[in-house]
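Let's take a friendly walk through this small report together. Keep the viewer open beside you as you read.

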Amino acid sequence: MKFQTIQRCWVHILREAELLAATQGGLLIELHHELQYHARLLPPDISDEGL
């Protein structure tokens, strides 16, 4: 499988993971929970600060 390089914010990634988990179930539910956990550990994005 080939992936396109697409940058997205955590909110969009989490929404897509939640939708996949709800429709497909199984390990995707666990993956969604892991993504939620790790997203909360990341520092806020300050790359645009001062613009």
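## Two helices and what lies between them

Gly25, which comes just after H1, takes a positive phi of about 65°. Please keep in mind that the model is predicted. The protein has two helices and zero strands, and Gly25 is a handy place to start looking at helix H1, since that helix covers residues 10–24.

How well does the span of H1 agree with its number of residues? H1 has 15 residues, and at 1.5 Å a residue they should span 21 Å. The C-alpha atoms at its ends are 20 Å apart, which agrees.

Now turn H1 around its axis. Its buried residues are Leu14, Ala17 and Ala21. They sit on the same side of H1, because they cover an arc of only 65° around the axis. The face turned away from that buried side carries the exposed residues Arg15, Leu19, Ala22 and Thr23.

What do the buried residues of H1 pack against? Their partner is helix H2, residues 27–41.

A good residue to follow on the H2 side is His32, which has its place in that helix. Is His32 buried or exposed? With a relative accessible area of 8%, His32 counts as buried, because the cut-off for buried is under 20%. Leaving aside neighbours within four places in sequence, His32 is in contact with Leu14, Ala17, Glu18 and Ala21. Leu14, Ala17 and Ala21 are also the buried residues of H1, so the view from His32 fits the packing of that buried side against H2.

Glu16 offers another point of reference, and it lies in helix H1. Glu16 is partly exposed, at 41% relative accessibility. The table sets these two residues side by side.

| Residue | Helix | Relative accessible area | Class |
|---|---|---|---|
| His32 | H2 | 8% | buried |
| Glu16 | H1 | 41% | partly exposed |

How far apart are Glu16 and His32 in sequence and in space? They are 16 residues apart in sequence, and their C-alpha atoms are 9.0 Å apart in space.

To finish, step back to the whole protein. Of its 51 residues, 12% count as buried. The protein exposes about 5000 Å², and carbon and sulfur atoms supply 59% of that area.

Conventions: Residues numbered from 1 in each chain as written. Predicted model: local features only at pLDDT ≥ 70, side-chain atom pairs only at ≥ 80, totals over all residues. Heavy atoms only, no water. Helix = DSSP H or I, 4+ residues; strand = E, 2+ residues; numbered from the N terminus. Expected span 1.5 Å × (residues − 1). Buried < 20%, exposed > 50% of the residue type's maximum accessible area, 1.4 Å probe, protein only. Arc of directions from axis to C-beta. Contact = heavy atoms within 4.5 Å. Areas by Shrake-Rupley, 256 points an atom, 1.4 Å probe, with all protein chains shown as cover.
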